[in-house]
Amino acid sequence: VQLQASGGGLVQPGGYLRLSCAASGSIFRIWSMGWYRQAPGKERELVALSTVGGYTNYTDLVKDRFTISRDNARNTVDLQMNNLKPEDMAVYYCNARGLTMIREPFDSWGQGTLVTVSS
C-alpha cells in the first residue's frame with residue numbers, strides 16, 4: 001500500500017495550509033488514517049487520527065486549529081491547518097493502517113511533506 005502526500009509549503013504565522021494524502025494499492029480495508037509530524041531533533045508525534053467509525057483524535061497542541069477529514073470511498077485523508085504557529089513547523093507524514101486484499105495487515109507511511117512557518 002502506497003501513500004502519496006501533498007500540500008506542504010511556506011506560510012506565515014497565523015496562516016493556513018491543507019495537507020492531502022491518498023492511499024493506493026491492494027487495499028481491503030483501512031482502519032485508520034492519520035497525520036504525524038517530526039521537527040528537527042524531536043521524536044515523531046501524532047498530530048491527528050481518524051479511525052473507522054468516524055472517531056478522531058488530536059494532540060492538544062493542535063486542537064481547535066487543525067481538522068482532519070477522511071474520504072473512505074477515495075481512501076484519502078486531509079489535514080486543514082489554521083492559525084499556524086512557528087512550533088508547527090515540521091515534516092508531516094501521513095499514515096494508514098488496515099488490511100490488504102489478501103487480508104494481511106499493513107502500516108504504511110507517506111514520503112513526508114515539509115511545513116515551514118516563518119515570517
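Which residue in β8 does leucine 19 stand opposite? In this predicted model, the partner turns out to be leucine 79. That pairing is a handy way into strand β3, which spans residues 17-24 and takes part in the contacts described below.

Start with the two faces of β3. Leu17, Leu19, Cys21 and Ala23 make up the covered face, while Arg18, Ser20, Ala22 and Ser24 sit on the uncovered one. Leucine 19, the residue set against leucine 79, thus belongs to the covered set, and so does Cys21.

As for neighbours, β3 pairs with strand β1 (residues 2-6) in the antiparallel sense, over 5 bridges. Within that pairing, alanine 5 has cysteine 21 of β3 as its bridge partner. Strand β8 (residues 76-81) also runs antiparallel to β3, and here 6 bridges do the joining.

Cysteine 21 has another job on its hands, too. The structure holds 1 disulfide, and the link runs from cysteine 21 to cysteine 94, with an S to S distance of 2.1 Å. Cysteine 21 lies in β3 and cysteine 94 in strand β9 (residues 90-100), so the bond ties together parts that sit 73 residues apart in sequence. Turning to its geometry, the link between cysteine 21 and cysteine 94 is right-handed, with 55° about the S-S bond. Buried or exposed, then, for cysteine 21 and cysteine 94? Both are buried.

Notes: Residues numbered from 1 in each chain as written. Predicted model: local features only at pLDDT ≥ 70, side-chain atom pairs only at ≥ 80, totals over all residues. Heavy atoms only, no water. Buried < 20%, exposed > 50% of the residue type's maximum accessible area, 1.4 Å probe, protein only. Helix = DSSP H or I, 4+ residues; strand = E, 2+ residues; numbered from the N terminus. Pairing = 2+ DSSP bridges. Disulfide = S-S within 2.5 Å.
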